[in-house]
Structure formats: structure tokens, C-alpha cells
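Dear colleague,

I am passing on to you the structure that follows, together with some notes on what was found in it. Please look through the sequence and the model first, and then read on.

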Amino acid sequence: MPIKRRLLQALATATFSCMTCAAQAHFQMLYLDETALQRAADLDFAIVFTHPFSGGPTMNMGEPRAFNLISAQGGKKTDLRQYLKPVQWQSRDNQAAAYRASIPRELVRSLGDHIFVLEPEPYLEKEEDVYIQQFTKLVVNVGGVPGNGSEPQGLPVEIQPLNKPYANWTGGVFRAVVLADGKPVPFAEIELEYVNHSVDIKDNAFGKQDSVKAPQASFKSLSTYSDAQGVVTIGLPRAGWWGIAALNIGATKTYKGKPLSQDAVLWVQVRDMK
Amino acid sequence: MKAQMFAHPILLASALLFCQAALAHGPVFDCYIEHDDWVKCEAGYTDGSSAVGRKIHVQDTSNKLLLEGTVGKDNSYTFQAPAGAYSVEFLGGENHGATIQSSDITQ
């Protein structure tokens, strides 16, 4: 099938399957202040299901099904659920159930890439009567030794980074492959969103001040598609945190008798050259 | 003569290339207390190349060599901490050394 026709078909499918698009712009945040560490340190995570550009509204999270660390040393997998602590997260307009996790330094002492993977409980978007489940990855590097951060983790859906998610300059380009069951997903619908405010982990809250003002609603959540090989390419115009989400790419399409959107999320940290 | 004139730019280009490769290859070294008084040190390079077989020296404050080891297949070297203050030096190659003081080695 010609690429143009396949792209049109993918766009039509995406439009049909997302008539209202209320499920869009939801992002499972897996946040910590710093992902490129000189030396290992205790890591404090905020795990919040929200709209990161607007700083809310934030959705109630159920207890995550899995929260794993894939170690830099030999790829050993560690179950981190014992470190999850439920909190009430204060976002711009509401409070919602979220999680914090304090990961001890001992688990990330090795040099190289440490991959954190969150599998949340599906969230029922009542407005649309649709469940959303976002498999979320974050890569932390210790010392600057490159590692296994670009290795797929065998998730039902995931975004495989082609650049280091923790080492990006403002103005750079980031590339990744969208995968479902380990295979590239051509023409997947992609959302891109900037965390447009501070994240106060200790107070379980987003900052009240926006970093930038969107000139119009469509600038809050940017969108594109992966190419015919499943590769997505994005620019990084501003320092801070960027979330990439590939929407509704999973093979499992229903949960508890309702439609399920299995999305893949990857977080990318960007620095100014100064 | 023409061949000689050609050789110079090629040599220059090669030298620059090697220089660039060397610049992109910095040592990374860190140590932590793995358990009890056993210290594990990990070594590597920023381009991902292996440090296996490189020497590691443990020295006292007067630079007296207390222990000498090599980086193993898992890019690490483990030793029992000596009494008193000491330093651990990764001999990662010319201009590629790195040293850590015992006061900076924690769990």
C-alpha cells in the first residue's frame, strides 16, 4: 500500500477512534528533579496522572500494577512497589490521588543507565467511558557512562529512545521508536507536552506559575505521527521536561467491558547550553 | 612530490580524527561501600568502552601502595577497606586517571 494512503488511513482511524479526543493530553508523569547524575543519590519520584502543560486537572490514580527498576548492572529487575507512598497531589484546579516514591541510593549506585518503568492501573475516563493505561518509562544515568537505556523492555507498548533521554540540549532533536509487543508501530498518533510549571515534590504540588503562555489551545499539547518505520522525531525548543505519548497502540483494546487505550509514555529532560 | 603534498592533509585529518576520538573518551570512576567494610569500585569511559584489565591502586595518605587490583569483567574491583584514610586511583590510561578519597566513599 502506498505510504500516502497508509498515512491517510491511519489519520482517518485515529480521527474515528478519538472522536471527542478527551482522552488526549493525559500524561502519566514519572518525575524526579534530575536524571543525569554525577554520582548516585537517593531519588524522590512524583508519580502523577495529569495534564502537564496546564498543570491539571489531575486524575486519581489507582495502585500501580508494577513499578520496576532495570539496573545498569546486568539489567537486573527490581520491584519498587514497596517504595510507593500514596499522596494527595495538589494541581492547578484540584487535588487527586497520586504517588511518591523515595528510591534509596543503594539501588542506583552502579554507573550507567537505570530504567524506571511504571505500569499503572487503567484509569476510567468517565466523560468518554474509556479506560486509559499509560506504560511509562524514565531513564536515569549515573556518571555519564552510556548504558542499556535504549533497550526495549518487553512491554505491551513502549517508546524506545534513540537518543539519551537524560542528555539533551535546548534546540536539539530527539528520536525514538514506537513499539507494540516489541514491533515498530507505523503512523502511531503521538502527543508531545511540556511540563509548563515547577514540580514541588516535597509539598506534592505543581507550581502556580506557568513557564510559557500558549497562544491558543492547540499549542498546549502538540501532535504528530510516527513514520512508516515507527520512528518519531521531535524538536526540543525549551529546557525542562517533555513527555512523549504514543496513543492507543496496544493489542488489548478492552478492559472491564469498556474500550481501553494502551499508551506508551517516555520522559525527556532538556538543558540550556550555558 | 605531489604524493607527499597529498600525504600532509591526510595525516592532518587523521590526527584530528584521533584527537576527536580521544576527547570523546573520558574516564568515569566511583566507589561505594557494598557491605560491611567491603568497597566496590566501578570504572568505565564516557563513550562506553570497557575498562576491563585496567589497574586500580589503593594508597594511604602518604601515597604508599596498599593494594593493587584490576578491573574485572563486570567493570568493577572489590576490596576490603584498609584502616584509616586512603584513596583509590583508577589508572585508566594516559591522562585518563581518576582518584576518589575514602571520605567520599559511602554506602
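A good place to begin is a hairpin in chain A, in which β4(A) and β5(A) are separated by six residues, and A:Gly74 in the turn has a positive phi of about 80°. Helices (H or I, at least four residues) and strands (E, at least two) are DSSP runs, numbered from the N terminus, and two strands count as paired if DSSP finds at least two bridges between them.

Before going further, please note that this is a predicted model, in which local features need pLDDT of at least 70 and side-chain atom pairs count only at pLDDT 80 or more, while totals for chains, interfaces and linings use all residues. Residues are numbered from 1 along each chain as its sequence is written, and chains are lettered from A and ligands numbered from 1 in the order in which they are written.

To return to the hairpin, β4(A) and strand β5 (residues 77-79) of chain A run antiparallel and are joined by three bridges, with A:Asp79 in β5(A) as the bridge partner of A:Asn68. Strand β4 (residues 66-70) of chain A also pairs in the antiparallel sense with strand β8 (residues 112-119) of chain A, over five bridges, and here A:Ile70 has A:Ile115 in β8(A) as its bridge partner.

As to confidence, the mean pLDDT (the predictor's confidence in each residue, from 0 to 100) of chain A is 92, and 91% of its residues reach 70 or more. Residues 10-22 of chain A, however, stay under 50 throughout, and the model has ten contacts for them beyond four places in sequence; two residues are in contact if their C-beta atoms, placed from the backbone, lie within 7 Å. Where pLDDT is low, the predicted coordinates should not be read in detail.

The largest nonpolar core (a set of buried Ala, Val, Leu, Ile, Met, Phe, Trp, Tyr and Cys residues joined through C-beta atoms within 7 Å) has 91 residues, and those with the most contacts inside it are A:Ile47, A:Val178, A:Ile244 and A:Ala246. Strand β10 (residues 130-142) of chain A gives the most to this core, with eight residues. Leaving aside neighbours within four places in sequence, A:Ala246 touches several residues, among them A:Val157, A:Ile159, A:Val178 and A:Asp263.

Chain B has one helix and seven strands, and the helix comes before the strands along the sequence, in the pattern α-β-β-β-β-β-β-β. Of its 107 residues, 21% count as buried, that is, with 20 or more other C-beta atoms, placed from the backbone, within 10 Å of their own (exposed means 12 or fewer, and partly exposed lies in between).

One open sheet of chain B has three strands in the order β1-β2-β5, with antiparallel pairing. Here β1 (27-35) and β5 (76-80) of chain B stand at the edges with a single partner strand each, so one side of each is left without a neighbour in the sheet. Five bridges join strand β2 (residues 38-45) of chain B to β5(B), and B:Lys40 has B:Thr78 as its bridge partner in β5(B).

Another open sheet of chain B has four strands in the order β4-β3-β6-β7, again with antiparallel pairing, and its edge strands are β4 (65-70) and β7 (97-101) of chain B.

Finally, the contact between the chains takes nine residues from chain A and eight residues from chain B.

With best wishes
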